[in-house]
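Let's work through some short exercises together. Take a look at the sequence and the 3D structure first, then try each task before reading its solution.

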Amino acid sequence: MENILRNIPETEVLRLSDLVTYASGQVVSKTLIQNEGLGITLFAFAKGEGISTHESKGDAMVTALDGVGCITIDGQSYELKAGESIVMPAHHPHAVHGTENFKMLLVVAFPS
């Protein structure tokens, strides 16, 4: 069976927030898994940085790992702090913005 993991060691206890670092004026991402059915990516948003409104073909769950971020879904804004999660449904416009420095784990399940 092909290993689908990228950029992450196996059989090692990890703190996910330590696997991606902040960079001034940037959004930094690190893909951990990407295939036709699943995408798992870490993001670090410098304060004030974001990803503009877009849609995904899959349902996505964001889990905040550090800091404070703003998730906008269908024009409604939600503040997310470390330890909190929100689901962004497929085919709904959404955006992400670092209110403060903000790290998150994004898990997207694509339909088969």
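**Exercise 1.** Which residues of the largest nonpolar core touch the most other members?

*Solution.* Start with the ground rules: this is a predicted model, where local features need pLDDT of at least 70 and side-chain atom pairs count only at pLDDT 80 or more, while totals for chains, interfaces and linings use all residues. Residues are numbered from 1 along each chain as its sequence is written, and side-chain values use heavy atoms, with hydrogens and water left out.

Next, the term: a nonpolar core is a set of buried Ala, Val, Leu, Ile, Met, Phe, Trp, Tyr and Cys residues joined through side-chain atoms within 4.5 Å. Buried means under 20% relative accessible area, exposed over 50%, partly exposed in between (1.4 Å probe, protein chains only).

Now the result: the core has 15 residues, and V62, I71, L80, M88, F102, M104 and L106 touch the most other members. Two or more residues come from each of β2 (38-45), β4 (59-73), β6 (85-88) and β7 (94-109); strands are DSSP runs (E, at least two residues), numbered from the N terminus.

**Exercise 2.** Is T63 buried or exposed, and which side chain does the side chain of T63 join in a polar contact?

*Solution.* First, find T63 in strand β4. T63 counts as buried because its relative accessibility is 19%. Then look at its side chain, which makes a polar contact of 2.8 Å with that of S85. Such a contact is a pair of N or O atoms within 3.5 Å; within protein, one must be able to donate a hydrogen and the other to accept it, and residues adjacent in sequence count only if both atoms are side-chain atoms.

Terms used:
Helices (H or I, at least four residues) and strands (E, at least two) are DSSP runs, numbered from the N terminus.
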